[in-house]
Amino acid sequence: EITDNGHGISKNDLNIVCERFTTSKLEKFDDLKSIETFGFRGEALASVSHVARVTIVSKTENEPCAYRARYKDGKIIPYFPNDKPE
């Protein structure tokens with residue numbers, strides 16, 4: 001289990017969060033110079049999702065509830081067999 005006490009992942013970003021090169025921590029190359037912590041990084045989610053099934057539950061401050069999504073091989077997958085991801 002991996003937990004994070006950051007700001008949460010918005011529902012709109014759940015579709016791409018486990019794709020390669022997706023991170024909210026780095027927006028431009030120079031941001032590499034300002035990393036102050038060496039905790040879990042979003043880039044690792046893509047790698048983890050290729051070797052294990054990943055479930056993310058996240059809530060941002062502005063959203064009324066938490067959202068849950070499952071991933072395999074970097075892609076969001078249906079929660080139940082006949083469901084389609086949003």
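Cys65 is partly exposed in this predicted model, with a relative accessibility of 36%. Cys18 sits on the other side of the cut-off: its relative accessibility is 1%, so Cys18 counts as buried. How many disulfides does a search of the whole structure find? The search returns 0. A disulfide would be a covalent bond between the sulfur atoms of two cysteines. Here, no pair of cysteine sulfur atoms meets the 2.5 Å limit.

Now the overall layout. The protein has 1 helix and 3 strands. Along the sequence they follow the pattern α-β-β-β. The helix, α1, covers residues 43–51. Strand β1 covers residues 54–58. Strand β2 takes residues 67–72, and strand β3 takes residues 75–77.

The strands build one open sheet. Its order is β1-β2-β3, and its pairing is antiparallel. β1 and β3 are the edge strands, as each pairs on one side only. Neighbouring strands are turned by 40° against each other on average, with direction ignored. Strands of a sheet pair through backbone hydrogen bonds, either parallel or antiparallel.

Take the pairings one at a time. β1 and β2 are joined antiparallel over 5 bridges. One of the residues involved is Ser58, whose bridge partner in β2 is Tyr67. β2 and β3 also run antiparallel, over 3 bridges. There, Arg70 has Ile77 in β3 as its bridge partner. What links β2 to β3? The two strands form a hairpin, with 2 residues between them. Asp73 lies in the turn and has a positive phi of about 55°.

Ser58 deserves a closer look. Is Ser58 buried or exposed? Its relative accessible area is 8%; buried means under 20%, so Ser58 is buried. Ser58 belongs to strand β1. Beyond its neighbours within four places in sequence, Ser58 is in contact with Gly8, Ile9, Ala66 and Tyr67. Tyr67 is thus both a contact and the bridge partner of Ser58 in β2. Ile9 adds a polar detail. A polar atom of the Ser58 side chain lies 2.6 Å from the backbone nitrogen of Ile9.

Asp4 gives another link in space to the segment before the helix. Asp4 lies in the segment before α1. Asp4 and Ser58 are 54 residues apart in sequence, yet their C-alpha atoms are 9.6 Å apart. Their surroundings contrast. Asp4 has 59% relative accessibility and so counts as exposed, whereas Ser58 is buried at 8%.

Finally, the protein as a whole. Which share of its residues is buried? Of the 86 residues, buried ones make up 21%. The accessible surface comes to about 7,000 Å². Carbon and sulfur atoms account for 51% of that surface. Contacts can also be sorted by sequence separation. Among those between residues at least 6 apart in sequence, 46% join residues at least 24 apart.

Note on methods: Residues are numbered from 1 along each chain as its sequence is written. This is a predicted model: local features need pLDDT of at least 70, side-chain atom pairs count only at pLDDT 80 or more; totals for chains, interfaces and linings use all residues. Side-chain values use heavy atoms; hydrogens and water are left out. Buried means under 20% relative accessible area, exposed over 50%, partly exposed in between (1.4 Å probe, protein chains only). Helices (H or I, at least four residues) and strands (E, at least two) are DSSP runs, numbered from the N terminus. A polar contact is a pair of N or O atoms within 3.5 Å; within protein, one must be able to donate a hydrogen and the other to accept it, and residues adjacent in sequence count only if both atoms are side-chain atoms. Contact means heavy atoms within 4.5 Å. Accessible areas come from the Shrake-Rupley method with a 1.4 Å probe; for residues, only the protein chains shown count as cover. Two strands pair if DSSP finds at least two bridges between them. Axes are lines fitted to C-alpha atoms, for helices over the stretch in contact, and angles run from 0 to 180 degrees between N-to-C directions.
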